[in-house]
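Me: Please take a close look at one part of this model: the last helix, the aromatic side chains packed around it and the pocket beside it. Keep it brisk, and add what you can about the backbone nearby.

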Amino acid sequence: TAGPNTLVLAWLLVAAAGWTAAQNCTCPTNKWTVCNQVGASCQCTVLGSSHVVDCSTLTSKCLLMQARMRPNKPRRLINPSEHAVVDNDGLYNPDCDSGGRFKARQCNQSDVCWCVNSVGVRRTDKGDQTLKCDELVRTSYILINLRHQERAQAFNHSDLSRALRRLFQERYQLSPKYITAVEYEQPTIQIELQQNATQKAHGEVDIADVAYYFERDIKGESVFHNRHLNLEVRGEPLRVEDTMIYYVDEKPPEFSMKRMTAGLIAVIVVVALAIVAGVVVLIISNKRKSGKYEKVEIKEMGEMNKRLNL
């Protein structure tokens, strides 16, 4: 029969094991989660919601944006990152469906609504609560533009392509078939991702989520838990100083001409001024030429008169 000391020791060992398991209960693919030990498993929910996430794969961009808008504790004021840009539509508190994807219609707290694509980017003019968004249009093509720091010698294109393809496959779990191209002309790198609805199999990561994770990594705001990005090409660091991501949907956006009026007027004014300036330059040039011809003719006539008088 076990004595009291043995029972106490056994209890302490069980408690220590439970404490260790609780400490290891984290979500490796999403640091914006709250995790709890439930029996033998670790269950994690997205910050600010009750949505349980699968920590073996990427979390959807919609849920990540929700988490960024709802910190779990008060924060002090911070200075924006040096990479931060002003984008009124870029960061908002989105509505996500039960699968964690963006709902087709998004609204803010002032009853202003708009339609988005599967990446959460606005694709229509803004309206009120009566605005209808019939479907969530899929973003099937993503172009990632990078510019690295100046180097004395360009990277080898093949080495660079292999390094980036391996990164997207191993870190972001993206199948190589969805990386359609990696182009390079120092210092610009272009990565093309393409994935339509019929291509994407169940359980595969979405290129929208991959692009978002990559963007956060490049800007030094990684979503991964204790996994900082270390970009290298054959042992040489690849230091990116600028990033721009373009999205192409399966259907064209539906912006009205009102949104384009100011830009069109500006273009028309510039073109008109250029034409007027060209005409003025042409007239002045012709006048100068004709003036020179008149002076030459008068001078020649004067010399001829002198010769006749002699």
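Reply: Start with how the elements are assigned. Strands are DSSP runs of E with at least two residues, and helices are runs of H or I with at least four, numbered from the N terminus. On that basis, Thr139 is found in strand β5, residues 139-148. The model is predicted, and its local features need pLDDT of at least 70.

Thr139 gives a way in to the helix. At 1% relative accessibility, Thr139 counts as buried, because the cut-off for buried is under 20%. Thr139 and Ile207 are 68 residues apart in sequence, yet their C-alpha atoms are 8.6 Å apart in space. Helix α4 covers residues 207-218.

Now the rings. Which aromatic residues form one cluster with Phe214? They are Phe168, Tyr172, Tyr213 and Phe224. Ring centres must lie within 6.5 Å to pair. By this rule the model has 6 aromatic pairs. In one of them, the ring centres of Phe168 and Phe214 are 4.9 Å apart. Their planes meet at 40°, so this pair is tilted. The label follows from the cut-offs: under 30 degrees is stacked, over 60 is edge-to-face, and the rest are tilted. Phe168 sits in helix α3 (residues 157-170) and Phe214 in helix α4, so the contact ties together parts that are 46 residues apart in sequence.

Are these two rings buried or exposed? Phe168 is buried, at a relative accessible area of 1%. Phe214 is buried too, at 0%.

Phe214 has another partner. The ring centres of Tyr172 and Phe214 are 6.1 Å apart, and the planes stand at 90°, so this pair is edge-to-face. Tyr172 comes from the loop between α3 and β6 (179-185), while Phe214 belongs to helix α4, so the pair ties together parts that are 42 residues apart in sequence. Tyr172 and Phe214 are both buried. Phe214 therefore pairs with a ring from helix α3 and with a ring from the loop that follows α3.

Helix α3 has a further link along the chain. Arg162 lies in this helix. At 46% relative accessibility, Arg162 counts as partly exposed. Its C-alpha is 8.5 Å from that of Val233, and the two are 71 residues apart in sequence. Strand β8 covers 232-233.

Next, the pocket. The second largest pocket has a volume of about 430 Å³. Of its 26 lining residues, the closest to the centre are Lys31, Glu221, Ser222, Arg227 and His228. Which element gives the most to this lining? It is α4, with 3 residues. Strand β1 (33-38) also supplies at least two. By type, the lining divides into 10 nonpolar, 9 polar and 7 charged residues. Where does the pocket lie relative to the domains? Domain 1 (23-71 + 87-137) and domain 2 (139-249) both give residues to the lining, so the pocket lies between them.

Then the backbone. Most residues other than glycine have a negative phi, and most peptide bonds are trans. Asn226 has a positive phi of about 55° although it is not a glycine. Asn226 is in the loop between α4 and β8. At 65% relative accessibility, Asn226 counts as exposed. Arg234 repeats the pattern, with a positive phi of about 50° although it is not a glycine. Arg234 belongs to the loop between β8 and β9 (236-237). Arg234 counts as exposed as well, at 69%.

The cis bond is elsewhere. The peptide bond from Gln186 to Pro187 is cis, with omega near 5°. Pro187 lies in the loop between β6 and β7 (188-194).

Two charge-over-ring contacts complete the aromatic picture. The charged end of Arg151 sits over the ring of Phe155, 3.8 Å from its centre. Lys126 lies over the face of Trp114, at 5.5 Å from the ring centre.

To sum up, helix α4 holds Phe214, a buried ring in a cluster with Phe168, Tyr172, Tyr213 and Phe224. Helix α4 also gives the most to the lining of the second largest pocket.

Technical notes. Residues numbered from 1 in each chain as written. Predicted model: local features only at pLDDT ≥ 70, side-chain atom pairs only at ≥ 80, totals over all residues. Heavy atoms only, no water. Buried < 20%, exposed > 50% of the residue type's maximum accessible area, 1.4 Å probe, protein only. Lys NZ or Arg CZ within 6 Å of the ring centre and 35° of its normal. 1 Å grid on protein atoms, 1.4 Å probe; cavity = no way out; pocket = protein on both sides within 12 Å on 5 of 7 lines; lining within 4 Å. Points joined across faces, edges and corners; volume = space filled by probe spheres on them. Nonpolar A, V, L, I, M, F, W, Y, C, P; charged D, E, K, R; others polar. Domains from an automatic or database assignment.
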